[in-house]
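Here are my notes for anyone opening this one for the first time. Keep the viewer beside you and go point by point.

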Amino acid sequence: EALIEWKKVLVKLDLVNTIRTSTHVHINAQHLTLIQCINIFAMYWLVEDLLMNYCGYYRKGNYNCLSVSEAGSFQNDLIQELRGQRKQGLYRLFTDHYRYSSLNPKALSEFGSLEFRGMRSTKKASEIKSWVNILGDLLNFVTARFKTPVDIIKYITETRPDQVLLDIWPQLYVKALLDTQPKDWTEQYHENFIGVLHLKNSIDWSKEVIEKKIQEEKDLIKK
């Protein structure tokens, strides 16, 4: 309904499309657990460069929506925090320091949402609708299928990259995504897999350890 209303507004406006603007999408995350959010980050990072290529050539390398392959500080700090090397608290990662990532963790603490900053500016409601659907399908796939990053790694190692895309999205969206990719797009996909593997190996994801980690976080926040 919101996109239908937006389309009506666009018809009446004489907007100028420019590389100085972009389309940010917030998806409500208040019903998600910490582990579900980490799973979403992990799976997003795997296909992030593929999505950024779809978003527009001038979005790649843009300092307002950097991918993990371009600036991996949030991923590295998350891994170190899970390993117990930083000991500052996971909640301190959701700050302005990382807000210009293409998937902005700051929005979780500020709005209770996952903010996707990658999409180019557009005057077409149909392009926004497709992008929202692509993001929604990714989140639904992750939350329905995986309990921890261990499950994600097992799935990725057992599944071809092209099949991963088809498992997440309808063929129509897979074609739209692949039409914007370089021929060697799977090379970056496999490089991104290494970062997700490090995330998986950062902690024992058993229920007992995770519950202890969450309690430690609550204690840190109280301080």
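1. Start with Cys65, and keep in mind that this is a predicted model. Is Cys65 buried or exposed? Its relative accessibility comes out at 0%, so Cys65 is buried. Cys37 is buried as well, with a relative accessible area of 8%.

2. Don't go hunting for disulfides: a search through the whole structure turns up zero. Cys65 is in none, and the nearest cysteine sulfur to it belongs to Cys55, 7.6 Å away. A disulfide would need the two sulfurs within 2.5 Å, so that pair doesn't qualify.

3. Next, have a look at the sheet. It is open, has three strands in the order β1-β3-β2, and pairs antiparallel. The edges are β1 and β2 (103–104), each of which pairs on one side only. Between β1 and β3 (residues 113–120) there are six bridges, and the two strands run antiparallel. To check the register by eye, find Ile27, which stands opposite Leu114 in β3, and then Asn28, which has Ser113 across from it.

4. Strand β1 (residues 22–28) is worth a slow look. Which of its side chains are buried? Thr23, Val25 and Ile27 are, and they point to one face. Ser22, His24, His26 and Asn28 point to the other face and are not buried. This is the textbook pattern, because side chains in a regular strand alternate between the two faces of the sheet.

5. On to the salt bridges, of which the count is 10. My pick to begin with is Asp49 with Lys60, whose side chains meet at 2.6 Å, N to O. Asp49 sits in helix α2, while Lys60 is in the loop between α2 and α3 (73–83), so the pair ties together parts that are 11 residues apart in sequence. The two partners also fall into separate burial classes: Asp49 has a relative accessible area of 5% and is buried, whereas Lys60, at 29% relative accessibility, counts as partly exposed.

6. Two further salt bridges are easy to find. Lys175 and Asp179 meet at 2.9 Å, N to O, and both of these residues are exposed. Arg120 and Glu127 also form a salt bridge, at 3.8 Å, N to O. Glu127 is partly exposed, with a relative accessible area of 22%.

7. Don't stop at pairs, though. Asp96, Arg99, Lys106 and Glu110 are joined into one network by salt bridges that share partners. Showing these four side chains together makes the network easier to follow.

8. Last, the largest pocket, with a volume of about 300 Å³. How many residues line it? The lining has 14, and those nearest the centre are Leu34, Tyr91, Phe94, Leu108 and Ile221. Elements giving two or more residues to this lining are α2 (34–55), α4 (106–110) and α10 (207–222). Of these, α10 gives the most, with four residues. As for the make-up of the lining, 10 residues are nonpolar, two are polar and two are charged.

Key. Residues are numbered from 1 along each chain as its sequence is written. This is a predicted model: local features need pLDDT of at least 70, side-chain atom pairs count only at pLDDT 80 or more; totals for chains, interfaces and linings use all residues. Side-chain values use heavy atoms; hydrogens and water are left out. Buried means under 20% relative accessible area, exposed over 50%, partly exposed in between (1.4 Å probe, protein chains only). Two strands pair if DSSP finds at least two bridges between them. On a 1 Å grid over the protein atoms alone, a cavity is a set of points where a 1.4 Å probe fits but cannot get out, and a pocket is an open set with protein on both sides within 12 Å along at least five of seven lines; lining residues have an atom within 4 Å of a point. Grid points are joined across faces, edges and corners, and a volume is the space filled by probe spheres set on the points. Ala, Val, Leu, Ile, Met, Phe, Trp, Tyr, Cys and Pro count as nonpolar, Asp, Glu, Lys and Arg as charged, and the others, Gly among them, as polar.
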